[in-house]
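Here are a few exercises to work through with the model open on your screen. Try each one yourself before reading the solution.

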Amino acid sequence: MKPSQVLPFRELQNIFFQTIKTGIIKSNLIAMLAGLSMALYVNDVRFLDKIGEIVLAIVGSALVIGAAGAFNNVYDRDIDFMMERTRGRPTVTGQIKTRSALLLGIGMAVVGMLALYVASPLAALFGFLGLFLYVFPYTMWTKRRTIYNTEVGSLSGAMPPRRERADAAGRQRDAPHLSANERLSGFACPLQPVVRPGQLVSRLAAFLLSAGWLALSIVGNRKWDSAKWAKLMFVYSLNHLTLLFVLVIGYSLIMSLF
């Protein structure tokens, strides 16, 4: 591409979205909203009473998560070209310069942290921890050195729900830390309201989803080849979390409106 050549807006948009990993932003925002809506419900806070903090929390979280994705793309560009799934990333193909991607990540991190700080200083702390854990212990240290890298990465993934509990309530309630296994086998424990009888709905849903996952793992291991079984287990894990989060969000927000 010649220096004077200007890319179409749609292509620039696509490069931007791939650099900040919008798929990861969406999935983490679902977890964030689950924590936020649960905090509203548990602490008897009406949604509209915290609308300003909620908007700042969503915007700030999206920016910080996007910054983490940009930093990850920059650091992993030397190995991304080896895999079919990642070799087309803009940081690998040169569609975005390394310096530009790095500046993009820094800018998003700064603005996102400011938004979270205005919403709640404690939320900003959790936002910083999530970003730090994803970039340094996970991306730059354990990802290439140990099979336990996902355990480390799960610490970063556990930050959005905790951050938004702090945003919505104005203070943090106790919530257990999550390991990778806890994240994948059932998110009901850290998100269960421990002081409300309405938790039965979430418990039942978590039980049924986890039972289905267990059945799939046993049957698949016996009847399917490893590649097919692994793919189905991965897809189920994504749907498992999404369905459970949506249930938590829907139930909590409906209850918090009254």
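**Exercise 1.** Is K143 buried, partly exposed or exposed?

*Solution.* Bear in mind that this is a predicted model. Start with the number: K143 has a relative accessible area of 28%. Partly exposed covers values between 20% and 50%, so K143 counts as partly exposed.

**Exercise 2.** Find the acidic partner of K143, then work out which residues join it in a salt-bridge network.

*Solution.* Step one: the side chain of K143 meets that of D76 in a salt bridge, at 2.5 Å from N to O. The two sit in distant parts of the chain, with K143 in the loop between α7 and α8 (149–157) and D76 in the loop between α3 and α4, 67 residues apart.

Step two: look at how covered the acid is. D76 is buried, because its relative accessibility is 0%.

Step three: check for a second partner. D76 also forms a salt bridge with R144, where the closest N and O atoms are 3.1 Å apart. This pair, too, links distant parts of the chain: R144 lies in the loop between α7 and α8, 68 residues from D76. With 37% relative accessibility, R144 counts as partly exposed.

Step four: put the pieces together. Through shared partners, D76, D78, K143 and R144 are joined into one network. Side chains of opposite charge can pair when their charged atoms come close.

**Exercise 3.** The structure holds 6 salt bridges. Take the one between R46 and D49 and classify both ends by exposure.

*Solution.* First the distance: the side chains of R46 and D49 meet at 3.5 Å, N to O. Next the arginine: R46 has a relative accessible area of 37%, so it is partly exposed. Last the aspartate: D49 is at 51%, so it is exposed.

**Exercise 4.** Where does F47 sit, and how far is its C-alpha atom from that of S37?

*Solution.* Place the residue first: F47 is in the loop between α2 and α3. Now the distance: F47 and S37 are 10 residues apart along the chain, and their C-alpha atoms are separated by 8.3 Å. As for exposure, F47 has 23% relative accessibility and therefore counts as partly exposed.

**Exercise 5.** Describe the largest nonpolar core and say which helix gives the most to it.

*Solution.* Start with the head count: this core has 25 residues, and I25, L36, A67 and L131 have the most contacts inside it. Then ask who contributes: α2 (22–42), α3 (51–75), α6 (98–119) and α7 (121–142) each supply at least two residues. The top contributor is α3, with 8 residues.

Now zoom in on A67. Skipping neighbours within four places in sequence, A67 is in contact with G105, M108, A109 and L131. Apart from this core lies another one, of 9 residues, including A34, M38, Y41 and L241. In soluble globular proteins, nonpolar side chains tend to be buried together.

**Exercise 6.** Which residues make the nonpolar surface patch, and which helix supplies the largest share?

*Solution.* List the members: Y75, L125, F128, L129, F132, F136 and M140 make a patch of about 600 Å². The largest share, 6 residues, comes from α7. Take F136 as a sample: it lies in helix α7 and is partly exposed, because its relative accessible area is 42%.

**Exercise 7.** Is R89 buried or exposed, and what does it touch?

*Solution.* Locate it first: R89 lies in the loop between α4 (77–80) and α5 (90–93). Its relative accessible area is 14%, and buried means under 20%, so R89 is buried. Not counting residues up to four places away in sequence, R89 touches Q18, K21, N72, N73 and D80.

**Exercise 8.** Sum up the whole chain: how many helices and strands does it have, and what percentage of its residues is buried?

*Solution.* Count the secondary structure: there are 13 helices and 0 strands. Next, burial: buried residues make up 45% of the 258 in the chain. Then the contacts: among those between residues at least 6 apart in sequence, 74% join residues at least 24 apart. Finally the surface: the accessible area is about 14200 Å², and 68% of it belongs to carbon and sulfur atoms.

Notes: Residues numbered from 1 in each chain as written. Predicted model: local features only at pLDDT ≥ 70, side-chain atom pairs only at ≥ 80, totals over all residues. Heavy atoms only, no water. Core = buried A, V, L, I, M, F, W, Y, C linked by side-chain atoms within 4.5 Å. Buried < 20%, exposed > 50% of the residue type's maximum accessible area, 1.4 Å probe, protein only. Helix = DSSP H or I, 4+ residues; strand = E, 2+ residues; numbered from the N terminus. Contact = heavy atoms within 4.5 Å. Areas by Shrake-Rupley, 256 points an atom, 1.4 Å probe, with all protein chains shown as cover. Patch = residues over 30% accessible without salt bridge, like charges linked within 9 Å, V, L, I, M, F, W, Y side chains within 5 Å. Salt bridge = Lys/Arg side-chain N within 4 Å of Asp/Glu carboxyl O.
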